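Please consider the structure shown below. The explanation that follows leads through its sheets and its aromatic residues.

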Amino acid sequence: MHAHTTSTSGRAGRRWLTILVAMLALTSVVMPVAATATETTPARLDTSGVVAQATNNTTANTSANTTSGPTTASQVRITPAIPDADYVSVTVVESDERFNTSGTFATFALSESVDAVRIEQPNAEARLLGSGSVVQVQYDQQAAPGDNPSLYTVELFFADGSTRTFDLLATNTDVTASPAINPAYETHIEYLETQAADMGYDADPEGVRAYVENREERAEFFEGLWTEQVKTFIGLRIAQAASPLDWVAGIAIIALVAYWLNRRHGWVLRIQQLAVSRAELVREAVRQEAERQRNAAAKHPLSDVDGIGNNAQRFWTKMGVETVENMIQVSCKGIVAADEHGGAKTDADGNIILAHQGVDDLTAVEPLTERELRENTWLKPVILEGRLRASTALSHIEQALLVAEKDYNRGAEVRETRLQVQELIKDLQGRDDGTAEKHSRQGKLELPGDQHDRDPTGRPSGSPSGGDD
């Protein structure tokens, strides 16, 4: 009994399991069919939404709008922002629907804010500015180069789920504008601004433009006024130059004018010619007088000069100084150095070399003593021991220059040198007086030649170099 019960309950379990599997299989078949039937059943369109779409020419999604009132997309107004630039322009073809653009970008102001904006066509990009009330479309250069138009559609998405589109016909997207100025033109711009300001124009683009236009108009006016006249004048002059009769007439006119000027103003020319001749005669007379005075000084021996005499002249003759002219040359100008052939010695540049520069060399002696003048100056052959003292030799130079200045009008040449010699004599005598006083205090005063008294010229009286024979 127990075994039979167990068998019966097992069969019942298998039966319920079979029924459950069958139901699952039936469900898997029926559900796809029902879903397919649901999708293929047409939905009822909202009549008010269709009417709004047809009226406002929008693409608002009517299935998403369950209300029958107006949408944001149907109320928005689209206004182009036209920039103040020549390279960008926007024109209205149909309000809120179609626009023609030229340039690399276009900007539109919306009366309602949008959440998103999109352009599906390539080479263009739309973006929102501010709070979503401004749309800017940026084109690539290859979007619509030149006058080849390209159509772009801008989609606007609003917060209530509605959408709106408008069309843009773009051209000249390859035109670029840069605010930077080429540095090479900056100096020219500054120059034009300065010129315009100097002429009373404003120093701004409008003022410079007005200045340039005014200059161009003036140039065109004068060019048109004188061009033909100048050409005619040049042509006539060329024709006259080729005519022998014109040459004869020109020469005759010049001769008549010259004759008239000579008759009326010829005396001025004659006076000028006489003045030139007189000046030349005066200059020649002065030159000849100077030459005569120079020759006279060259013939004036030193022995005839007061304070020198024949004895002293013998010492100067050993230096080649025999006349007053020789003394002028030696003391004022110096002596030219002689080379081995007896000619004037010159340096590498061809300049004459001087053996000494006269009194100028004596003024440079330091200290100024008898010994220094005797041993280290060009006076050495004259003031050797037993001949002349240094002060006496300087006195002879002074006397000779004084004769040249007074008797031969050579003051311009010798006066400065003579005054230098006077200063040398004073310095030398002052130094000798100081030395003599020093030796007198020491009880030793032995100066050569001081055993004789001096005459007024500074020469020891009774010495062999004394007065005239």
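**Aromatic pairs and two sheets**

The structure holds 5 aromatic pairs, and the model in which they appear is a predicted one. A pair of aromatic rings is described by the distance of the centres and the angle of the planes. Phe99 and Phe108 form one such pair, with 5.1 Å from centre to centre and 55° between the planes. The arrangement counts as tilted, because the class of edge-to-face begins over 60 degrees and that of stacked lies under 30 degrees. Both Phe99 and Phe108 are buried. Ring pairs also bring in Phe166, so that Phe99, Phe108 and Phe166 are linked into a cluster.

The strands may be considered next. An open sheet is formed by 5 strands in the order 2-3-9-8-5, and its pairing is mixed. Strand 2 (89-94) and strand 5 (116-119) are the edge strands, each pairing on one side only. On average, neighbouring strands of this sheet are turned by 25° against each other, direction ignored. Within the sheet, strand 3 (residues 98-102) pairs with strand 9 (residues 163-171) in the parallel sense, over 5 bridges. Here Arg98 stands opposite Asp167 of strand 9.

A further open sheet consists of 4 strands in the order 1-4-7-6, with antiparallel pairing. Strand 1 (78-81) and strand 6 (124-129) each have a single partner strand, and therefore one side of each is left without a neighbour in the sheet. From one strand to the next, the twist averages 25°. Strand 6 is joined to strand 7 (residues 134-139) by antiparallel pairing over 6 bridges. Glu125 stands opposite Gln138, which belongs to strand 7.

Notes. Residues are numbered from 1 along each chain as its sequence is written. This is a predicted model: local features need pLDDT of at least 70, side-chain atom pairs count only at pLDDT 80 or more; totals for chains, interfaces and linings use all residues. Side-chain values use heavy atoms; hydrogens and water are left out. Two strands pair if DSSP finds at least two bridges between them. Helices (H or I, at least four residues) and strands (E, at least two) are DSSP runs, numbered from the N terminus. Axes are lines fitted to C-alpha atoms, for helices over the stretch in contact, and angles run from 0 to 180 degrees between N-to-C directions. Rings of Phe, Tyr and Trp (its six-membered ring) pair if their centres lie within 6.5 Å; planes under 30 degrees apart count as stacked, over 60 as edge-to-face and the rest as tilted. Buried means under 20% relative accessible area, exposed over 50%, partly exposed in between (1.4 Å probe, protein chains only).
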